[in-house]
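Thank you for making room for me this morning. I would like to walk you through one protein chain, beginning with its overall build and then going into its interior.

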Amino acid sequence: MDSHNLASLPTLSETVKIHRLGANKKLGQHFLLDMNVTDQIARLALPLEGSHIVEIGPGPGGLTRALLKNNASAVTAIEMDDRFLAPLADIKAVSGDRLSIIHGDALNVHIAKELGPDRPIKIAANLPYNVGTKMLVNWLTANPLFWTQAVLMFQKEVAQRIVAAPGDSGYGRLAILSQSVCMCRLAFEVPAKSFSPPPKVDSAVVVFDPLPEDKRFKDLKKLGELTQAAFGQRRKMLRKSLRPFAKKYDLVLEDWFETCGAVVTQRPEELSVSQFQKLAGYSSITISPSKSSKDKP
Ligand code: SAM
């Protein structure tokens, strides 16, 4: 089936009217009804043929249509709100066998198991604001990493935090985790007025391309714990904010910092992603917490 058949569908605005799809704020619903924008998002994930695309929260199906129009050969859309099952079924009916729909909470769907190993997996979504960051962290920390690319829309402020560099106001845990796994690029911004209903803030689309396996930082749990401690008190010098962490892992702060070329009087936003990785990867950290020096042989 080709895009000609997709063109036979009612427009997205008509679809919303026909199915009376008022937005449910609790589910973070803001719809993109402008097919130029959904098309622009889908094209960031090209080529779509040969991959299995998982779309989270298709809603009335704007991005779903754009993915299919751009020759996606397999799309699985996971939607929690059952009101969208009918319009999604209409898209499925004209898409050949290319669209599958899962009705459920994407946080509870084991994507790799559902989609199977046959094709590489790409994720595309205009994510619900309330759970978007949680989903991203789940996907970044998945072991093994089950996806080969993600094209995701977030609130602009979250997108800026993902791509932030040291010294930027948004630089913190999310940037360090994201950039330890992927090359992350803010592709374009989408103004609030492009959505129906418009949210309070603008959005932006981020493209995540996983780093080669040997360049990815592996101990993301430790990195998360470290960055949480460091940026939890971002105005403080690391000597103070990381004291409990150093104590927990039996580290001498000054020695530990020497391994990454930083000093304990610095503040967290001054350290690079690779310096945080060195701190988290420092071999002594693997000593089990609570094991104090007097326990050592
Ligand atoms: N993709 C559509 C668009 O661009 O017009 C809708 C985007 S809207 C921001 C987010 C969508 O995610 C809604 O359809 C909402 O029902 C759905 N959603 C919210 N939480 C979800 C969850 N936990 N699992 C699956 N879908 C969810």
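What share of the contacts in the protein chain with a separation of 6 or more comes from residues 24 or more positions apart? The answer is 69%, and please keep in mind throughout that what you are looking at is a predicted model.

Let me give the general outline. The protein chain holds 14 helices and 9 strands, and its C-alpha trace spans about 75 × 40 × 30 Å along the principal axes. Of the 297 residues, 48% are buried, while the accessible surface amounts to about 14,500 Å², with carbon and sulfur atoms contributing 51% of that area. As for charge, there are 38 positive and 30 negative charges, and the mean positions of these two groups lie 6 Å apart.

Now to the interior. The largest nonpolar core is made up of 61 residues, and those with the most contacts inside it are Ile 56, Trp 139, Trp 147, Leu 152, Phe 208, Trp 256 and Phe 257. This core takes at least three residues from domain 1, which runs over 3–215, and at least three from domain 2, which runs over 221–295. If you would like one residue to look at on the screen, take Trp 147: leaving aside residues up to four places away in sequence, Trp 147 touches Ile 121, Ile 123, Trp 139, Leu 140, Cys 182, Phe 208 and Pro 210. Apart from the largest core there is another one, of 33 residues, which includes Leu 6, Ala 45, Leu 99 and Val 151.

Two helices deserve a closer look. Helix α4, residues 62–69, is largely enclosed by the rest of the structure, because 7 of its 8 residues are buried. Those buried residues are Gly 62, Leu 63, Thr 64, Arg 65, Ala 66, Leu 67 and Leu 68, so the list, with "buried" meaning under 20% relative accessible area, takes in an arginine and a threonine. Just after α4, Asn 71 adopts a positive phi of about 75°.

Which residues are buried in α9? They are Leu 174, Ala 175, Ile 176, Leu 177, Ser 178, Ser 180 and Val 181, that is, 7 of the 9 residues in this mostly covered helix, which covers 173–181. As to what they pack against, the partners are the helices α7 (129–140), α8 (156–163), α10 (220–232) and α14 (273–281), together with the strands β7 (182–190) and β9 (203–210).

How values were computed: Residues numbered from 1 in each chain as written. Predicted model: local features only at pLDDT ≥ 70, side-chain atom pairs only at ≥ 80, totals over all residues. Heavy atoms only, no water. Helix = DSSP H or I, 4+ residues; strand = E, 2+ residues; numbered from the N terminus. Buried < 20%, exposed > 50% of the residue type's maximum accessible area, 1.4 Å probe, protein only. Contact = heavy atoms within 4.5 Å. Areas by Shrake-Rupley, 256 points an atom, 1.4 Å probe, with all protein chains shown as cover. Lys, Arg positive; Asp, Glu negative; His and termini not counted. Charge placed at Lys NZ, Arg CZ, Asp CG, Glu CD. Core = buried A, V, L, I, M, F, W, Y, C linked by side-chain atoms within 4.5 Å. Domains from an automatic or database assignment.
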